[in-house]
Amino acid sequence: MSVMQTIEQLIAEDRGNRGIAALVQPGHLQGAAQALTGAAGVVIVSGFYIPRAGAGETDGPPGAKAIGDALRLLGIEVAYLTDAPNLPLFQALEAEPLYTDWEALQAEWRPTHLLAIERVGRARDGRYYNMRGEDISAHTGPLDAPFLEAPSRGMTTIGIGDGGNEIGMGRVLALVEAHVPQGALIACTVPTDHLIVCGVSNWGAYGLVGALSSLTERELLPSAQEARDAVERIVAAGAVDGQTHRCEATVDQLPLSDSLDILERIRALVAG
Ligand code: MG
Ligand code: MG
């Protein structure tokens with residue numbers, strides 16, 4: 001098995017028992033990494049707000065920053081796009097330039113690629129749902145709209161998700177409806193050219209950066225300390241675990257050590 005295939009399997013480990021195995025698209029990790037090596041400017045979209053907790057979650061923004069840092073090392077321009085409720089998390093990560101409005105972003109530059117990680121996209125009824133099937137539309141900006149425009153404007157799109165309701169999952173809509181609890185309600189209808197399905201979305205980001213490292217023969221992964229700091233900094237800014245809703249440094253109900261273990265296994269695979 002190739003390094004890419006091994007990483008693809010590793011990040012899809014379903015420790016949360018979400019039944020995502022059926023959604024995995026073999027080869028898409030490599031396809032996404034290859035597409036990014038040809039990018040000039042990438043917009044990274046993330047941030048999943050938990051209305052009940054009044055805060056954004058710990059899965060997503062740390063992965064977004066890891067990808068952005070890696071792309072910059074490759075000389076690729078990066079901008080971040082989120083909505084107002086998630087702004088404090090991106091500020092805590094010093095993720096810049098940072099926009100909350102797609103029109104404002106486009107007034108300043110033209111991306112070649114759009115990447116969404118752990119960012120909800122519209123369901124069949126046009127509303128936005130969390131994994132529990134709660135309608136969170138009132139707290140969610142339409143950051144999936146750029147992905148719908150992308151094909152007609154020649155932009156390549158990448159989605160990273162772990163539950164079926166995230167931007168990109170429209171690519172496997174029927175599978176989400178068949179395999180994910182409440183899939184018929186929550187499934188995101190917005191597809192991406194490349195779709196990385198993973199057990200935890202931050203793991204998908206580490207996997208993508210590992211794939212980029214392997215392709216370019218550059219060390220692009222965050223250190224364990226940087227990965228830990230990213231989660232701890234957003235928790236200090238109010239982020240909560242998306243499952244437990246507690247303001248602590250866990251991700252999808254898993255201790256941070258699980259994420260760091262995945263990161264180090266990816267690093268070892270890339271180093272060969
Ligand atoms: Mg998710
Ligand atoms: Mg998650």
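This dialogue walks through the metal sites, cores, pockets and cavities of a predicted model.

Reader: How should I begin with the metal ions, and which residues are the protein donors of the magnesium ion (ligand 2)?

Author: A metal site is read by listing the donor atoms and then asking where their residues sit along the chain. In this predicted model, the magnesium ion (ligand 2) has as its protein donors Asp59 (OD), Asp162 (OD) and Asp252 (OD), at 2.0 to 2.2 Å from the ion. Along the chain these donors follow the spacing D-x102-D-x89-D. The pair of aspartate 59 and aspartate 162 links distant parts of the chain, with aspartate 59 in the loop between β3 (55-56) and α3 (61-73), and aspartate 162, 103 residues apart from it, in the loop between β7 (156-161) and α7 (173-179).

Reader: Are aspartate 59 and aspartate 162 buried or exposed?

Author: Aspartate 59 and aspartate 162 are both buried.

Reader: What are the protein donors of the other magnesium ion (ligand 1), and how are the donor residues spaced in sequence?

Author: The magnesium ion (ligand 1) takes its protein donors from Glu118, which is listed with OE twice, from Asp162 (OD) and from Glu166 (OE), with distances of 2.1 to 2.7 Å. The spacing of these donor residues in sequence is E-x43-D-x3-E. Glutamate 118 lies in the loop between β6 (113-117) and α6 (145-149), whereas glutamate 166 lies in the loop between β7 and α7, and this pair, 48 residues apart, again links distant parts of the chain. Glutamate 118 counts as buried because its relative accessibility is 4%, and glutamate 166 is likewise buried, with a relative accessible area of 0%.

Reader: Which residue bridges the two magnesium ions, and how far apart do the ions lie?

Author: Aspartate 162 is the bridging residue, coordinating both ions, which are 3.6 Å apart.

Reader: How do I read a nonpolar core, and which residues have the most contacts inside the largest one?

Author: In soluble globular proteins, nonpolar side chains tend to be buried together. In this structure the largest nonpolar core has 52 residues, and those with the most contacts inside it are Ile44, Ile67, Leu71, Leu115 and Leu208. Helix α9 (residues 201-216) contributes the largest share of this core, namely seven residues. Apart from this core lies another, of 30 residues, which includes Ile20, Val45, Trp109 and Leu143. To follow one member of the largest core, take leucine 71, which touches Leu36, Val42, Ile44, Ile76, Val78 and Leu212 when residues up to four places away in sequence are not counted.

Reader: Where is serine 213 placed, and is serine 213 buried or exposed?

Author: Serine 213 is in helix α9, and it counts as buried because its relative accessibility is 2%. Beyond its neighbours within four places in sequence, serine 213 is in contact with Arg218, Glu219, Leu220, Leu221 and Val270.

Reader: Where does valine 190 lie, and with which residues is valine 190 in contact?

Author: Valine 190 lies in the loop between α8 (183-186) and β8 (194-197), and it is buried, with a relative accessible area of 0%. Leaving aside neighbours within four places in sequence, its contacts include Arg122, Asp144, Phe147, Ile167 and Met169. The C-alpha atoms of valine 190 and asparagine 165 are separated by 9.4 Å, the two residues being 25 residues apart along the chain.

Reader: How is empty space found, and how many residues line the largest pocket?

Author: Rolling a probe the size of a water molecule over the atoms shows where empty space is left. Here the largest pocket holds about 370 Å³ of space and is lined by 22 residues, of which Arg18, Met131, Gly242, Gln243 and Asp252 lie nearest its centre. Its lining divides into seven nonpolar, eight polar and seven charged residues. The second largest pocket has a volume of about 290 Å³, and of its 15 lining residues Lys65, Asp69, Pro222, Glu226 and Ala230 are the closest to its centre. The lining of this second largest pocket has 10 nonpolar, no polar and five charged residues, and α3 and α10 (224-236) each supply at least two of its residues.

Reader: How many cavities of 30 Å³ or more are there, and what lines the second largest cavity?

Author: The count comes to two cavities of 30 Å³ or more. The largest cavity holds about 40 Å³, and its lining includes Gly47, Tyr49, Arg119 and His139. The second largest cavity, of about 30 Å³, is lined by Glu8, Val24, Gln25, His28, Leu29, Leu195, Ile196 and Val197, and β8 gives the most to this lining, with three residues.

Terms used. Residues are numbered from 1 along each chain as its sequence is written. Chains are lettered from A and ligands numbered from 1 in the order in which they are written. This is a predicted model: local features need pLDDT of at least 70, side-chain atom pairs count only at pLDDT 80 or more; totals for chains, interfaces and linings use all residues. Side-chain values use heavy atoms; hydrogens and water are left out. Donors are N, O and S atoms within 2.8 Å of the metal (3.2 Å for Na, K and Ca); water is not among the atoms, so sites may look incomplete. Helices (H or I, at least four residues) and strands (E, at least two) are DSSP runs, numbered from the N terminus. Buried means under 20% relative accessible area, exposed over 50%, partly exposed in between (1.4 Å probe, protein chains only). A nonpolar core is a set of buried Ala, Val, Leu, Ile, Met, Phe, Trp, Tyr and Cys residues joined through side-chain atoms within 4.5 Å. Contact means heavy atoms within 4.5 Å. On a 1 Å grid over the protein atoms alone, a cavity is a set of points where a 1.4 Å probe fits but cannot get out, and a pocket is an open set with protein on both sides within 12 Å along at least five of seven lines; lining residues have an atom within 4 Å of a point. Grid points are joined across faces, edges and corners, and a volume is the space filled by probe spheres set on the points. Ala, Val, Leu, Ile, Met, Phe, Trp, Tyr, Cys and Pro count as nonpolar, Asp, Glu, Lys and Arg as charged, and the others, Gly among them, as polar.
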